Amino acid sequence: MNFAQWLLALSSLGLALLGLLFIAALMVYGERKILALLQDRLGPNRAGPFGLLQPIADFLKLLTKEHFVPPFADRNIYIIAPIIVPFTALLSFVVVPVSDDWWLADLNIALLFILALSSLRVYGIMLGGWASNSKYPLFGGLRSAAQMISYELPMGLALMGVIILSGSFSLVDIVAAQELPFIILQPIGFIIFLVCGIAETNRLPFDLPEAENELASGYNTEYGDIKFAFYYLGEYIGVLLIAVLITVLFLGGWHGPWIPGVFWFMLKTLTLIFLFFWLRTSLPRLRYDQLMNCGWKFLLPAALINLLVTAFLGLFWMEG
Amino acid sequence: MYEVIFYLTAAIAVLAAGAILKVSHPVHAALYLVISLLALALIFFLLGAPLLAALQVMIYAGAIMVLFLFLIMVMNLRSERNQSLSLPSGWKGPAILALILWLELMLLLNRYPAEETNEMTAIEPKAVGHALFGPYLVLVEAAAVLLLAALVAALYLSRKGRS
């Protein structure tokens with residue numbers, strides 16, 4: 001690669017980053033509006049027309065607050081931890097294909113790359129809880145570590161069915177293989193991945209790490225100002241990532257009749273994001289032991305059986 | 001450019017590994033180990049083994065080190081300043097053995113000089129799979145049986161109501 005190619009690669013990365021940050025800001029606004037709609041209230045409506053400038057106002061508020069490190073915290077780790085969460089989530093988007101010629105990188109290990117980054121995300125939350133050096137954040141951090149380890153396994157196993165069907169780890173190849181969306185061939189894998197995805201992003205009904213009423217908001221209790229904004233950003237980017245991944249892996253990505261592929265991609269992703277917000281209003285939070293039982297005693301065996309059946313059938317249907 | 005990335009990554013890996021010995025806090029040491037493992041993964045990737053790189057991050061950095069950190073947090077380990085840098089009494093024997101191994105390695109490397117090649121072949125995940133479940137099938141199965149035995153033993157040792 002020469003200099004111009006490096007420059008092109010870096011500038012396209014920068015553009016994608018700006019786009020993702022913009023989408024995350026819109027998602028925060030969208031979530032508050034949808035929650036308001038479903039709960040029969042108005043939602044943000046002061047800053048700008050229809051409250052559209054609310055995310056900017058929130059961001060400025062967080063940015064201009066005092067940058068504060070508690071005296072009892074482990075200073076360096078306390079500062080690094082919040083950066084890890086949005087960083088790993090943003091990096092995953094590098095391998096996601098939006099349409100048949102819109103992607104930044106086509107790795108032949110793309111899916112493993114995403115799983116690896118998602119397994120690194122747990123450090124951000126764990127270390128944030130630990131470095132705060134106070135009891136509720138520590139509990140929140142430990143819970144989140146246990147939760148993310150438990151749900152990563154079935155998540156990875158649920159994806160194996162998709163990999164068997166498409167014969168590749170590359171997301172571009174996986175979407176290209178979906179003349180028929182994999183949700184029809186892999187309904188159990190889809191459900192397992194959806195549930196694990198919600199658990200990985202710490203959203204309701206799996207938001208135990210930041211249970212407000214028992215942990216005083218968990219791992220981010222001691223965080224304020226821009227460091228808190230990083231955690232917040234990481235959560236929304238994570239939701240977007242899971243929605244995009246389900247679109248790419250199970251709903252056929254850019255495939256669809258009549259309108260261009262990019263719009264199909266956006267439509268499917270937005271529907272999934274709406275589903276996440278809807279779940280948040282409708283479901284109560286699980287208890288901790290229910291969460292662990294659900295992960296280890298239900299999702300993991302289901303994912304294993306799904307993998308076994310898919311491999312067995314695939315052996316007869318596919319040659320070689 | 002790739003050489004620059006390689007040497008930078010290698011330096012990070014070595015420095016982070018050295019820092020593990022230097023720092024006194026268990027959590028900091030664990031984090032330096034994570035950084036060293038991530039740097040190693042990048043080196044694997046640069047040398048044309050993307051699958052190995054991904055597995056390195058997923059299994060070592062993403063699973064094993066998370067469990068280490070989890071244990072450190074649960075057991076609430078704090079810094080132990082006095083013991084970190086003093087050598088234990090019986091260091092001479094292992095040091096001499098390690099020195100002999102290092103000399104042997106140097107001799108071998110001198111006898112078989114590394115071939116200068118500029119082209120690099122990236123090994124596809126499929127090729128790794130074919131190798132593992134082709135010529136090395138028995139070894140894979142043996143490793144699987146070993147891990148299963150370890151799992152059963154761990155379950156046996158940690159069962160409730162043991163007298």
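**Group meeting: a two-chain helical model**

Hi everyone, let me open with chain B: of its 163 residues, 17% count as buried. Before going further, please keep in mind that what you see here is a predicted model.

Staying with chain B for a moment, the secondary structure is six helices and zero strands, so if you read along the sequence you get α-α-α-α-α-α. Among its contacts between residues at least 6 apart in sequence, 58% join residues at least 24 apart.

Now over to chain A. Here we have twelve helices, and again the strand count is zero. The pattern along the sequence is α repeated, α-α-α-α-α-α-α-α-α-α-α-α. Chain A has 320 residues, and 46% of them count as buried. Taking contacts in chain A between residues at least 6 apart in sequence, 78% link residues at least 24 apart.

What about overall dimensions? Along the principal axes, the C-alpha atoms of chain A fill a box of roughly 65 × 50 × 50 Å. For those of you who like a sanity check, a compact globule with 320 residues would have a radius of gyration near 20 Å, and chain A comes out at 20 Å, so the two agree.

Next, the part where the chains meet. How many residues of chain A are in contact with chain B? The count is 18 residues of chain A, against 17 residues of chain B. Two helices of chain A, α4 (110-131) and α5 (135-166), each supply at least two residues of the side that touches chain B. The largest share of that side comes from α4(A), with nine residues. And which classes of residue are we looking at on the side of chain A that touches chain B? By class, that side has 16 nonpolar residues, two polar ones and no charged ones.

Since α4(A) gives the largest share there, let me spend my last minute on this helix. Is α4(A) mostly covered or mostly open? Mostly covered: 22 of its 22 residues are buried. Its length works out nicely too. At 1.5 Å a residue, the 22 residues of α4(A) should span 32 Å, and the end C-alpha atoms are 32 Å apart, so expectation and model agree. If you are browsing the backbone angles, have a look at what follows α4(A): there you find Asn133(A), with a positive phi, near 60°.

That's my tour, thanks for listening, and I'm happy to take questions.

Methods. Residues numbered from 1 in each chain as written. Chains lettered and ligands numbered in written order. Predicted model: local features only at pLDDT ≥ 70, side-chain atom pairs only at ≥ 80, totals over all residues. Helix = DSSP H or I, 4+ residues; strand = E, 2+ residues; numbered from the N terminus. Rg over C-alpha atoms; globule rule 2.2 N^0.38 Å. Buried ≥ 20, exposed ≤ 12 C-beta atoms within 10 Å, placed from the backbone. Contact = placed C-beta atoms within 7 Å. Nonpolar A, V, L, I, M, F, W, Y, C, P; charged D, E, K, R; others polar. Expected span 1.5 Å × (residues − 1).
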